[in-house]
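Visitor: I'd like a guided look at this one, question by question. Where shall we start?

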Amino acid sequence: MAPLTIQQATKSFGGVQVLHGVTIDIDDGEFVVLVGPSGCGKSTLLRLIAGLEDITSGGILIDGKDVSRLHPKDRDIAMVFQSYALYPHMTVAENMGFSLRMRGAKSDEQRRKVGQAAGILDLDALLDRYPRQLSGGQRQRVAMGRAIVRDPKVFLFDEPLSNLDAKLRVQMRSEIRTLHKKLKTTIVYVTHDQIEAMTMADKIVVMRGGHVEQIGSPMTLYDAPANVFVAGFIGSPAMNLLKGRIGADAQSFDLDAGGALQFTSALDARPGQSVILGIRPEDVTLSDNGSPATVKLIEPTGADLHVNLDVAGSDITAVFHERLSLKEGQEVSLELPADCVHLFDAETETRLSA
Amino acid sequence: MSAQSYPGRRRTTWVIFIALCVFTFINLTPLIWAVLTSLKDPRDAFTIPPTIIFEPTLKYHIEVWTENDFVFYLMNSLIISAGTVFISVPAGSLAAYALSRIPRRSAGPILSALFTIRMFPHMLLAIPFFVMGTFLNMIDTYPLLILALVAINQPFTIWLMHGFFLEIPRDLDEAAAIDGCSNWQAFRIVILPLARPGMTVAALFSLLLSYNEFLFALILTGTDTKTLPVAIASFGGEDISSWSLSAAGAIGIMLPIVLVMLLLQRHLVRGLTAGAVKG
């Protein structure tokens, strides 16, 4: 367990800079998820922390000690790879005990620690098997066991669930979370799946193009995204984002695409201001007297109803928890609560409303 | 999906089987001929039509193994082959591993250069080796022929092993580094055991090349280090009466290599096909 600090980290591959002065403070025992689209630099940042890539400039401090120029083995970290990276010619027990063996631990200690980790991860019956004899989920647990056995200061996870099927992914998500509660070790977890980020993290770091877009708790990012990118990235289905101007009465919104939206009360911006307006699909409701819309597509998920609507030429997605009997082509009226609206500057795309 | 009917498929299988039998027979004919010749009296060896029924004799096999310094030449061949394998495979594997782990744009030109060396006629390489050997006073010594054979064998070993190392995910190197391995330990403990099928193939090819090599052995060896292929060539000469002896020598030279191949053929087949499909 240790705090981890990344100070102004940059990384260039030849002439291409992929990380631009990233600074993140991670508290002792915190579960931090780095999330962002492909190519945003999240895996590169994780590899910098692990020491698998050399940092171009800046620093990485684990427990207050600058480790940015140390060999991976000297950083006291453990990493779970996307491919699991289990040694195919070693049994589960040998895989899990390998780091102890390399440190010169006695075989008694190796056996004891491997046994403990196997107990935590329910791997006792599999210790003599080889990785090829295991299922995807079991391999994933062995990879975690290998990390646990080391008792490192920081755990690093590089998209560890992306090779698993949807059901197993959900199960492993809660297993990793439970494991974190038990071990209380600092975790840095990389994923491109915002659901994983929302459900697992104490703190989420949203990245784009080698920059940090926002750092905060899952609900902070959900309730108050710092910019249009975060607003569109966090939440599923994604937030509806519409370009336009605040109407003269501040209660309507004139869309750039044509037409206008009516809100239940005044929007928190000055009339005539050019903005990007965001509203989450789950905040849109049906009413008798609101903005007229046409149902374009209905997608029932079982628990919810996802409805794609045409509102004055713009697409809006709504999520209804009730089982509504809607039909494609049906005319409806939408209630858009002003207090659920997120406003962003049209130029800078940064958040306007509090 | 195949549109071929079951009887059609069965007919195709039979045609392929017969074609393979014919092919195998054509390939084995010289060998069968050599075996028969080695068991015949020289007078029966070249009769037309060939003598099918004859009284087999092991006289020439015994003569090969007990006279003519056959065992001495065999030992030379084995020492030189073993030396070549023991230097060529580790050196080639290390080079191949390094090439598989550096950026492709750096490895590409080196691999291409190695390929060019492989294409180079060996005859043209033999002359510089002879000149260097003479200059260093190493003609007719084991190290000279071993080094020469290692040199001509390296491109193949490196190319072969490079392919094997490329298939071993780099994540394993990185996991080993995080688990506490130095680069050398990661190679020795994690990567090398996984490359064993490739190394077996590389060792076998290296062994075959050095054991059967004639040109370099002819030019770089003398009375002390003459190898079997060079010695066998001088067994019979043009004297037809010695052809049974030559044939017995040819069988003798093949025996060690056939034994090795039989013992390791499982690894050979697996090694040559390993990684052909994604596992």
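Visitor: Leaving out residues up to four places away in sequence, what does Val32(A) touch?

Guide: Quick ground rules: this is a predicted model, where local features need pLDDT of at least 70, side-chain atom pairs count only at pLDDT 80 or more, and totals for chains, interfaces and linings use all residues. Residues are numbered from 1 along each chain as its sequence is written, with chains lettered from A and ligands numbered from 1 in the order in which they are written. Contact here is two C-beta atoms, placed from the backbone, within 7 Å. With sequence neighbours up to four places away set aside, Val32(A) touches Ile26(A), Ile187(A), Val188(A), Tyr189(A), Ala201(A), Asp202(A), Lys203(A) and Val205(A).

Visitor: Which element gives the most to the largest nonpolar core?

Guide: A nonpolar core is a set of buried Ala, Val, Leu, Ile, Met, Phe, Trp, Tyr and Cys residues joined through C-beta atoms within 7 Å; buried means 20 or more other C-beta atoms within 10 Å of a residue's own, exposed 12 or fewer, partly exposed in between. The largest core has 125 residues, and those with the most contacts inside it include Val32(A), Leu34(A), Met79(A) and Leu156(A). Helices and strands are DSSP runs (H or I, at least four residues; E, at least two), numbered from the N terminus. With 8 residues, the element that gives the most to this core is helix α10 (residues 196-212) of chain B.

Visitor: How many residues are in the other core?

Guide: This one lies apart from the largest core. Among its members are Ala148(B), Val150(B), Trp243(B) and Ala250(B), and its size is 28 residues.

Visitor: How do α2(A) and α3(A) pack, and at what angle?

Guide: Helix α2 (residues 92-102) and helix α3 (residues 107-121) of chain A have axes 9 Å apart and pack at about 130°. Axes are lines fitted to C-alpha atoms, for helices over the stretch in contact, with angles from 0 to 180 degrees between N-to-C directions. Since under 35 degrees is roughly parallel, over 145 roughly antiparallel, 65 to 115 roughly perpendicular and the rest oblique, the angle of about 130° makes α2(A) oblique to α3(A).

Visitor: How do the residues of that contact divide by class?

Guide: From α2(A), Ala93(A), Met96(A), Gly97(A), Leu100(A) and Arg101(A) meet Glu109(A), Gln110(A), Lys113(A), Val114(A) and Ala117(A) in α3(A). Ala, Val, Leu, Ile, Met, Phe, Trp, Tyr, Cys and Pro count as nonpolar, Asp, Glu, Lys and Arg as charged, and the others, Gly among them, as polar. The split is 5 nonpolar, 2 polar and 3 charged.

Visitor: Why is α2(A) largely enclosed, and how many of its residues are buried?

Guide: Its cover includes α3 and α4 (136-149) of chain A. Among its buried residues are Val92(A), Asn95(A), Phe98(A) and Ser99(A). The helix is largely enclosed by the rest of the structure because the buried count is 8 of 11.

Visitor: Over at the contact between chains, which helix gives the most on the chain B side?

Guide: The contact takes 13 residues from chain B and 17 from chain A. On the chain B side, α8 (170-178) and α9 (183-194) each supply at least two residues, and that side has 9 nonpolar, 1 polar and 3 charged residues. Giving the most, with 6 residues, is α8(B).

Visitor: Is His162(B) buried or exposed?

Guide: His162(B) sits in helix α7 (residues 142-167) of chain B. Beyond four places in sequence, His162(B) is in contact with Ala96(B), Leu99(B), Ser100(B) and Leu111(B). Because 22 C-beta neighbours fall inside 10 Å, His162(B) counts as buried.
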